[in-house]
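Here's a walk through one chain and its two ligands, written for someone who'd rather look at geometry than read a long introduction. Keep the viewer open as you go.

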Amino acid sequence: MKLSHYVKTYPYREKPGYLLFFSTKRASKILLPEETFQDIENNTLSPFDQALLSKLGMIVEDTEKEKQEVLGFFDSINEKNRGLNIIAALNLDCNFACQYCFEGEIKGDLYMSNMTAELLTDFIRQKFTSSKKSLLVGFYGGEPLLSIGLIRSISRSLNCFIETRDASYSFTLVTNGSLFTRQAAEELVMLGLKSVQITLDGPPEIHNRTRPFMSGAGSFDTIINNIRQTCDIVKINISGNFEKHNYEQFVDLLDLMDDEGLTPDRISSVKFAPVMKRPEGTASPADFNDGCMTINEPWLVKAEKLLRGEILRRGYYTPKLAPMPCAVEITDSYVVNFDGNIYKCPAFIGNQDFAVGNLETGIRDYDTSHGLDIWKNRECRECRYLPLCFGGCRYMTFVRAGNIDSVDCKKDYFDASLETLIKQDTMQIKRTSAGINAS
Ligand code: SF4
Ligand code: SF4
């Protein structure tokens with residue numbers, strides 16, 4: 001057996017003579033004595049250690065075969081995928097006037113019609129082939145709760161459809177939280193609502209400035225009250241969009257959440273991300289940054305280390321490091337805009353060059369336009385970070401270059417931050433399951 005090509009090791013100051021092994025392919029980690037390297041090299045691992053390290057993906061029979069398997073990662077998950085994921089942007093309207101809203105130029109009285117909603121459910125029925133077992137729809141906007149009637153009718157129609165199959169239907173909301181009352185939550189949970197993502201842009205003095213109501217009034221108190229009223233019946237994921245000049249104040253938000261009773265046992269997850277840049281003259285949804293890293297600026301590395309550390313220190317859950325495929329590479333994943341145009345990523349909504357089809361005409365070939373396989377170049381093939389990156393975010397490449405002809409390389413970012421992120425994840429493991437040192 002050999003050391004996996006996708007293992008990174010870091011010294012562990014808290015335990016001299018030990019190294020922290022991390023597999024970028026499996027997102028597994030384990031603390032081992034330094035001499036383990038030699039044992040792997042000399043093939044002198046005990047049968048127990050060999051079995052454990054093999055299970056964690058730290059050692060493999062053949063590293064060339066392993067690299068080939070990683071190259072086939074998306075083929076494999078697309079083949080095995082028993083789910084269909086649809087994001088539906090029900091409108092481009094909003095009752096907020098967020099400062100950084102990317103939809104600014106295209107926002108307005110633009111709603112999905114009943115006819116388009118019917119075409120959407122037809123599209124879903126057609127894509128939900130006999131091998132499919134789970135249907136997940138993410139209702140999105142604008143503000144999706146301004147279209148609550150459509151959420152009801154689409155969900156009722158999909159619940160009826162799913163009843164005819166041995167499968168499940170659930171949905172999520174990305175909402176500004178102002179209309180998410182107890183009454184709305186109770187009704188939507190009955191229709192299949194699984195979780196809600198609500199944005200809080202820092203403590204009230206920042207949030208009320210960046211995310212006011214259309215009237216100019218602050219929205220912070222309304223949102224906090226709604227979260228307090230609903231977090232016992234639905235999973236609430238808190239997100240937040242920080243900027244270079246204000247990220248440090250997001251720590252105050254965590255204290256304030258605690259004061260308001262929004263403690264880690266009541267909140268499903270907390271994740272802060274930078275406001276995403278966009279090219280001049282293009283439009284894209286403001287709240288889409290979930291799971292997507294942006295550029296390698298040093299302040300971002302510093303901001304992420306600080307905020308992730310503070311989130312974990314307080315006992316909130318935040319997503320762990322894991323292979324993070326760009327949705328563009330996932331076949332059964334589509335974003336449908338209010339007008340029926342179909343995209344592969346919400347960040348591209350409204351950019352016609354990146355529409356991959358329409359509910360009436362179907363899906364076109366998008367392999368070239370979306371840079372599928374762009375990461376299968378010599379440098380990425382040899383890169384130990386490949387399973388965490390797969391060429392990065394297509395949208396960020398587009399933001400920088402105006403096209404998707406190259407990768408969005410995160411090497412500098414991983415070099416600067418991976419060790420800290422892994423150690424932060426270790427803190428989370430220790431807290432949830434004392435005594436475990438491998439995952
Ligand atoms: S292009 Fe970027 S924002 Fe869009 S799904 Fe891929 S990683 Fe996420
Ligand atoms: S884009 Fe950069 S970080 Fe990502 S796999 Fe390629 S070389 Fe590695």
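## An early hairpin

Strand S2 (residues 7-11) pairs with strand S3 (residues 18-23) in the antiparallel sense, and five bridges hold the pairing. Valine 7 is set opposite serine 23 of S3. Between the two strands of this hairpin sit six residues, and glycine 17 there has a positive phi near 90 degrees. Keep in mind that this is a predicted model, so all of these values are computed from predicted coordinates.

Just after S3 comes another backbone oddity. Alanine 27 has a positive phi of about 55 degrees, although it's not a glycine. You'll find alanine 27 in the loop between S3 and strand S4 (28-33). Is alanine 27 buried or partly exposed? Its count is 19 other C-beta atoms within 10 Å, and since buried takes 20 or more, alanine 27 is classed as partly exposed.

## The chain as a whole

Zooming out, the chain has 15 helices and 15 strands. The C-alpha trace spans about 65 × 50 × 45 Å along its principal axes. A compact globule of 439 residues would have a radius of gyration near 22 Å, and the chain's 23 Å agrees with that.

Of the 439 residues, 41% count as buried. Sequence-distant contacts show up well here: take the contacts between residues at least 6 apart in sequence, and 70% of them join residues at least 24 apart.

## The ten-stranded sheet

Ten strands make up an open sheet with mixed pairing, in the order S11-S10-S9-S8-S7-S6-S12-S13-S14-S15. At the edges are strand S11 (269-274) and strand S15 (362-363), each of which pairs on one side only. As general background, strands of a sheet pair through backbone hydrogen bonds, either parallel or antiparallel. For one pairing inside this sheet, look at strand S12 (residues 333-336) and strand S13 (residues 341-343), which run antiparallel and are joined by two bridges. Valine 335 has tyrosine 343 in S13 as its bridge partner.

Alanine 88 is a handy residue to center on, and its place is in strand S6 (residues 83-89). With 26 C-beta neighbours inside 10 Å, alanine 88 counts as buried. Leaving out residues up to four places away in sequence, alanine 88 touches Leu120, Val137, Phe139, Tyr140 and Val336. Alanine 88 is also 11 Å from cysteine 345, C-alpha to C-alpha, with 257 residues separating the pair in sequence.

## The two ligands

Which residues are closest to ligand 1? They're Cys326, Ala327, Cys345, Cys393 and Arg394, out of nine residues that surround the ligand. By class, the shell around ligand 1 has eight nonpolar residues, one charged and no polar.

Ligand 2 is surrounded by 13 residues, and the closest are Cys380, Cys383, Cys389, Val407 and Cys409. Helix H12 (378-382) and helix H13 (386-389) each contribute at least two residues to the shell of ligand 2. That shell divides into eight nonpolar, two polar and three charged residues.

## Two more backbone spots

Phenylalanine 390 has a positive phi near 45 degrees, again in a residue other than glycine. Its place is in the loop between H13 and helix H14 (394-401). With 24 C-beta neighbours inside 10 Å, phenylalanine 390 counts as buried.

There's also a cis peptide bond, which joins glycine 141 and glycine 142, with omega about 10 degrees. Glycine 142 lies in the loop between strand S7 (134-140) and helix H6 (148-163).

## How far to trust it

The mean pLDDT of the chain is 90, and 91% of its residues reach 70 or more. Two stretches call for care. Over residues 284-293 the pLDDT stays under 50, and the model has 30 contacts for them beyond four places in sequence. Over residues 431-439 the pLDDT is also below 50, and this stretch has eleven contacts beyond near neighbours in sequence. Where pLDDT is low, the predicted coordinates shouldn't be read in detail.

Notes
Residues are numbered from 1 along each chain as its sequence is written. Chains are lettered from A and ligands numbered from 1 in the order in which they are written. This is a predicted model: local features need pLDDT of at least 70, side-chain atom pairs count only at pLDDT 80 or more; totals for chains, interfaces and linings use all residues. Two strands pair if DSSP finds at least two bridges between them. Helices (H or I, at least four residues) and strands (E, at least two) are DSSP runs, numbered from the N terminus. The radius of gyration is taken over C-alpha atoms; the globule rule is 2.2 Å times the number of residues to the power 0.38. A residue is buried if 20 or more other C-beta atoms lie within 10 Å of its own, exposed if 12 or fewer, and partly exposed in between; C-beta atoms are placed from the backbone. Two residues are in contact if their C-beta atoms, placed from the backbone, lie within 7 Å. A residue is near a molecule or strand if its C-beta atom, placed from the backbone, lies within 6 Å of it. Ala, Val, Leu, Ile, Met, Phe, Trp, Tyr, Cys and Pro count as nonpolar, Asp, Glu, Lys and Arg as charged, and the others, Gly among them, as polar. pLDDT is the predictor's confidence in each residue, from 0 to 100.
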